[in-house]
Amino acid sequence: MANIVAIVGRPNVGKSTLFNRLIEQRSAIMDNESGVTRDRHYGYGEWTGKYFTVIDTGGYVTGSDDIFEGAIRDQVKIALDEASVILFMVDCHDGVTGMDKDFANIVREIKKPVMVVANKADNQEKAFMASEFYELGLGEIYTVSSANGSGTGDLLDQVIKHF
Ligand code: GDP
Ligand code: MG
């Protein structure tokens, strides 16, 4: 089975920022070869010799107020069908929101590894706030800053164990 990592979560938590970080270099080279520039939802990454595909599921759930459960299910269904590991992203700046809980209730039904990724932990203070996400009841919290890259190597170390 292919190694596929899907990133799900409500808008603006940083899914696309993490996506771009995970696929950097390798996918950029591939894009140069094809000569195509486009809004990409699939990319390719490599970590310590393991190759994987990353899916940025953002864009399927848009807006912040007009969310409906069906839209979340559509996004998660893509992850369910294709992914070998699901990264459920939340935002340390905002803490637990109602929409995070909606996502959590859906991803908890998935019979695949789900890793809670607390993004925007740009500094110690924000990283400390990530413990709030244990309340989602999805186990370990992986604290990262997709913007500055801290924690993403530790996250990948754990992700590739599922391949
Ligand atoms: P998406 O809607 O989940 O794909 O979120 P984006 O990747 O588009 O990011 C939403 C906003 O959060 C953008 O303004 C990003 O620059 C910002 N952002 C993403 N990751 C981080 C991070 O680690 N730290 C901070 N401070 N901002 C971030
Ligand atoms: Mg996005």
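Tutor: Helices are DSSP runs of H or I with at least four residues, and strands are runs of E with at least two. This is a predicted model. From the N terminus on, the elements run β-α-α-β-β-α-β-α-β-α-β-α.

Student: How many helices and strands does the protein chain have?

Tutor: The protein chain has 6 helices and 6 strands.

Student: What makes residues 152-159 count as a helix, α6?

Tutor: A helix needs a DSSP run of at least four residues. Helix α6 spans residues 152-159, so the run meets that cut-off.

Student: In what order do the strands form the sheet?

Tutor: The order is β2-β3-β1-β4-β5-β6. The sheet is open, and its pairing is mixed.

Student: Why are β2 and β6 called edge strands?

Tutor: Strands β2 (42-47) and β6 (141-143) each pair on one side only. From one strand to the next, the twist averages 30°.

Student: How do you know that β5 and β6 pair?

Tutor: Pairing needs at least two bridges found by DSSP. Strand β5 (residues 114-119) is joined to β6 by 3 bridges. Therefore the two count as paired. They run parallel. Across this pair, Val117 stands opposite Tyr142 in β6.

Student: Which helices lie across β5?

Tutor: Helix α4 (residues 98-107) lies across β1 (4-8), β4 (85-91) and β5. Its angle to β4 is about 165°. Helix α6 lies across β1, β2, β4, β5 and β6, and runs at about 175° to β5.

Student: Why is Thr48 called exposed?

Tutor: Exposed means 12 or fewer C-beta neighbours within 10 Å. Thr48 has 8 inside that distance, so Thr48 counts as exposed. Thr48 is found in the loop between β2 and β3 (50-56). Its phi is near 45°, a positive value in a residue other than glycine.

Student: And Lys120: buried or exposed?

Tutor: Buried takes 20 or more C-beta neighbours within 10 Å. Lys120 has 25, so Lys120 counts as buried. Lys120 is found in the loop between β5 and α5 (124-129). Phi of Lys120 is near 70°, also positive in a residue other than glycine.

Student: What makes Phe163 partly exposed?

Tutor: Partly exposed lies in between: not as few as 12, not as many as 20. With 15 C-beta neighbours inside 10 Å, Phe163 falls there, so it counts as partly exposed. Phe163 sits in the segment after α6.

Student: Which residues does Phe163 touch?

Tutor: Leaving out residues up to four places away in sequence, Phe163 touches Asn3, Lys50, Phe52 and Ser84. By contrast, 28 Å separates the C-alpha atoms of Phe163 and Ala71, which are 92 residues apart along the chain.

Student: What percentage of the protein chain counts as buried?

Tutor: Of its 163 residues, 34% count as buried. As for contacts with a separation of 6 or more, 70% come from residues 24 or more positions apart.

Student: Which residues are closest to ligand 1?

Tutor: The closest are Gly14, Lys15, Ser16, Thr17 and Ala147. In total, 14 residues surround ligand 1. Helix α1 (residues 15-22) gives the most to this shell, with 3 residues.

Student: How does that shell divide into nonpolar, polar and charged?

Tutor: There are 3 nonpolar, 8 polar and 3 charged residues. Gly counts as polar, Lys as charged and Ala as nonpolar. Therefore Gly14 falls in the polar group, Lys15 in the charged group and Ala147 in the nonpolar group.

Notes. Residues are numbered from 1 along each chain as its sequence is written. Chains are lettered from A and ligands numbered from 1 in the order in which they are written. This is a predicted model: local features need pLDDT of at least 70, side-chain atom pairs count only at pLDDT 80 or more; totals for chains, interfaces and linings use all residues. A residue is near a molecule or strand if its C-beta atom, placed from the backbone, lies within 6 Å of it. Axes are lines fitted to C-alpha atoms, for helices over the stretch in contact, and angles run from 0 to 180 degrees between N-to-C directions. Two residues are in contact if their C-beta atoms, placed from the backbone, lie within 7 Å.
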